[in-house]
Amino acid sequence: MLHQDGSRAPWLAGRAMLDLIVTMDDATSTIYSAFLIEEEGTASTFRGCLEVFTAQGLPSGFYTDRGSHYFYTPEADALSTKCG
């Protein structure tokens, strides 16, 4: 099962804040994709998936946090109803 998430920090000294996007094997913590980008979003999600799927094939599962670029939530505190 793959896990993907981003973390915003001043990763490089003297540079603006960047998001580190990591896609990894949840069971072994093996990192299959990691890169810095200005802002996490749909494009960075697809980039991480493309890098992993091309090298490793399709996973049996994929999970993320509830970022707005992953899920559509029509009301605050409601359950996500579909991917978006």
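# A guided tour from helix α1 outwards

Begin by selecting residues 42–56, which form helix α1: its 15 residues reach 21 Å from the first C-alpha to the last, close to the 21 Å expected at 1.5 Å a residue. The expected span is 1.5 Å times one less than the number of residues in the helix. Helices (H or I, at least four residues) and strands (E, at least two) are DSSP runs, numbered from the N terminus.

This is a predicted model, in which local features need pLDDT of at least 70 and side-chain atom pairs count only at pLDDT 80 or more, while totals for chains, interfaces and linings use all residues. Residues are numbered from 1 along each chain as its sequence is written, and side-chain values use heavy atoms, with hydrogens and water left out.

**The two sides of helix α1**

Within α1, now select Ser44, Thr45, Gly48, Cys49 and Val52, which are buried. Buried means under 20% relative accessible area, exposed means over 50%, and partly exposed lies in between (1.4 Å probe, protein chains only). Where do these buried residues lie when α1 is seen down its axis? They fall within an arc of 130°, so they line one face of the helix. The arc is that of the directions from the helix axis to the C-beta atoms. An α-helix has 3.6 residues a turn, so residues three or four places apart point the same way.

Which strands do the buried residues of α1 pack against? They pack against β1 (2–9), β2, β3 and β4 (62–63); contact here means heavy atoms within 4.5 Å.

Turn the helix to the face away from its buried side, where the exposed residues Ala43, Phe46, Leu50 and Thr54 are found. Select leucine 50, which is exposed, with a relative accessible area of 56%. Its C-alpha lies 9.4 Å from that of serine 33, although leucine 50 and serine 33 are 17 residues apart in sequence.

Just after α1, select glycine 57, which takes a positive phi of about 90°.

**The salt bridges**

How many salt bridges are there? The count comes to two, a salt bridge being a side-chain nitrogen of Lys or Arg within 4 Å of a carboxyl oxygen of Asp or Glu.

For one of them, remain on α1 and select glutamate 51 and arginine 47, whose closest N and O atoms are 3.1 Å apart. Both residues lie in helix α1, four residues apart, about one turn of the helix. Glutamate 51 is partly exposed, with a relative accessible area of 32%, and arginine 47 is also partly exposed, at 37%.

Next, select arginine 8 and aspartate 19, whose side chains meet in a salt bridge (3.0 Å, N to O). This pair links distant parts of the chain, with arginine 8 in strand β1 and aspartate 19 in strand β2, eleven residues apart. Is each partner buried or partly exposed? Arginine 8 is partly exposed, with a relative accessible area of 46%, whereas aspartate 19 counts as buried at 5% relative accessibility.

**From β2 to β3**

Select serine 29, in the loop between β2 (18–25) and β3. The phi of serine 29 is near 65°, a positive value in a residue other than glycine. Serine 29 counts as partly exposed, at 47% relative accessibility.

Continue to leucine 36, in strand β3 (residues 31–37). Leucine 36 is partly exposed, with a relative accessible area of 35%. Add Trp11 and Leu12 to the selection: with Leu36 they form a nonpolar patch on the surface, with about 250 Å² of accessible area together. Patches are made of residues with over 30% relative accessible area and no salt bridge; like charges are joined within 9 Å, and nonpolar side chains (Val, Leu, Ile, Met, Phe, Trp, Tyr) within 5 Å. Accessible areas come from the Shrake-Rupley method with a 1.4 Å probe; for residues, only the protein chains shown count as cover.

**Strand β4**

Select phenylalanine 62, found in strand β4 and partly exposed at 33% relative accessibility. Leaving aside its neighbours within four places in sequence, phenylalanine 62 is in contact with Met1, Leu2, Gln4 and Cys49. The C-alpha atoms of phenylalanine 62 and methionine 24 are separated by 9.8 Å, with their positions 38 residues apart along the chain.

**The whole chain**

Finally, display the entire protein chain, which has one helix and six strands. From the N terminus on, these elements run β-β-β-α-β-β-β. Buried residues make up 30% of the 84 residues. The chain exposes about 5600 Å², of which carbon and sulfur atoms supply 57%.
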